[in-house]
Amino acid sequence: MEILNPIAVQVDLGAIKKSAHVPEGEAQRLRSLISAVDTVMTAKAVYKVSYIDAKADDSVVIGGVLFKSRVLRKHFRQSGKGLSLCGNHRQGVEDLEAASRDVLEKYYLDQIGNAAVVKARDHLKNTLARRYGLGALSYLGPGQLKDWPLEEQTPLFSLLGDVERAVDITLSDSLLMIPRKSLSGIYFPTEIPFMACQLCPREAAHREKRDTTRS
């Protein structure tokens with residue numbers, strides 16, 4: 001298990017304004033909140049390179065741990081390569097959210113924290129690609145798809161090892177990560193980039209509607 005600590009993350013003001021639909025008059029307020037977040041939170045990541053041990057129709061064994069998912073099994077169909085599993089988080093944002101009594105400010109802080117988590121994940125992805133000479137990498141996390149539910153957090157954390165000691169992340173009784181601003185999942189080599197939303201029923205319905213309209 002390898003640890004990246006600390007990870008330098010810079011949140012883009014323009015991206016937050018767009019994703020959070022921030023009016024121009026709130027730009028300075030948002031900028032101040034980003035500065036406040038930068039002073040209180042740290043980013044860490046932990047990953048482990050493992051190998052495919054066995055495959056079944058709807059499951060795959062990675063590093064001796066069984067994962068039940070047809071999607072994972074499909075993407076490891078032709079790959080015996082090592083893959084990396086990761087967990088990362090940002091601390092401090094939740095304290096700022098709890099201290100604030102302004103509903104809009106809480107929303108902005110939540111958006112900033114989410115953006116920071118994704119930036120940290122992207123940093124890990126780029127580090128893995130550079131260190132291990134990998135090309136395209138795709139990501140899937142427990143709970144993103146019905147095919148790979150949140151219950152798969154348990155074997156994922158088992159494969160990683162002592163995540164709490166490494167980066168202070170724990171699982172609640174409902175298998176949510178603590179701190180809340182955390183991500184976990186598996187990176188795997190792919191020739192064509194894969195995103196979980198490609199398999200979401202809502203997204204599939206949108207694509208079908210677009211195709212029907214074009215025809």
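How many nonpolar, polar and charged residues are in the lining of the second largest pocket? Hold that thought: the close-ups below get there, starting with the whole chain. Keep in mind that this is a predicted model.

**View 1. The whole protein chain, with its 8 helices and 10 strands.**
Start by getting your bearings. The chain has 215 residues, and 42% of them are buried. Its accessible surface comes to about 11,900 Å², with 51% of that belonging to carbon and sulfur atoms. Now look at who touches whom: among contacts with a separation of 6 or more, 73% are between residues 24 or more positions apart.

**View 2. Strand 3 and strand 4, joined by a hairpin.**
Here you can follow residues 52-55, which form strand 3, and residues 59-62, which form strand 4. The two run antiparallel, and 3 bridges join them. To go from strand 3 to strand 4, the chain passes through 3 residues. If you'd like one pair to look for, try A54, whose bridge partner in strand 4 is V61.

**View 3. Strand 4 again, now with strand 5.**
Strand 5 covers residues 65-68, and strand 4 pairs with it over 4 bridges. This pairing is antiparallel too. One pair to spot is I62 with its bridge partner in strand 5, V65. The hairpin here has 2 residues between the strands. Have a look at G63 in this hairpin, as it takes a positive phi near 55°.

**View 4. The second largest pocket and its lining.**
This pocket has a volume of about 300 Å³. Its lining is made of 16 residues, and the closest to the pocket's centre are Q153, M177, R180, S182 and L183. Which parts of the chain should you trace? Helix 5, residues 103-132, supplies at least two residues of the lining, and so does strand 10, residues 182-189. And back to the opening puzzle: the lining has 7 nonpolar, 6 polar and 3 charged residues.

**View 5. Q111, a residue of helix 5.**
Is Q111 buried or exposed? Its relative accessible area is 18%, so Q111 is buried, because the cut-off for buried is under 20%. So what does Q111 touch? Leaving aside residues up to four places away in sequence, Q111 touches I16, S19 and A20.

Terms used
Residues are numbered from 1 along each chain as its sequence is written. This is a predicted model: local features need pLDDT of at least 70, side-chain atom pairs count only at pLDDT 80 or more; totals for chains, interfaces and linings use all residues. Side-chain values use heavy atoms; hydrogens and water are left out. Two strands pair if DSSP finds at least two bridges between them. Buried means under 20% relative accessible area, exposed over 50%, partly exposed in between (1.4 Å probe, protein chains only). Contact means heavy atoms within 4.5 Å. Accessible areas come from the Shrake-Rupley method with a 1.4 Å probe; for residues, only the protein chains shown count as cover. On a 1 Å grid over the protein atoms alone, a cavity is a set of points where a 1.4 Å probe fits but cannot get out, and a pocket is an open set with protein on both sides within 12 Å along at least five of seven lines; lining residues have an atom within 4 Å of a point. Grid points are joined across faces, edges and corners, and a volume is the space filled by probe spheres set on the points. Ala, Val, Leu, Ile, Met, Phe, Trp, Tyr, Cys and Pro count as nonpolar, Asp, Glu, Lys and Arg as charged, and the others, Gly among them, as polar.
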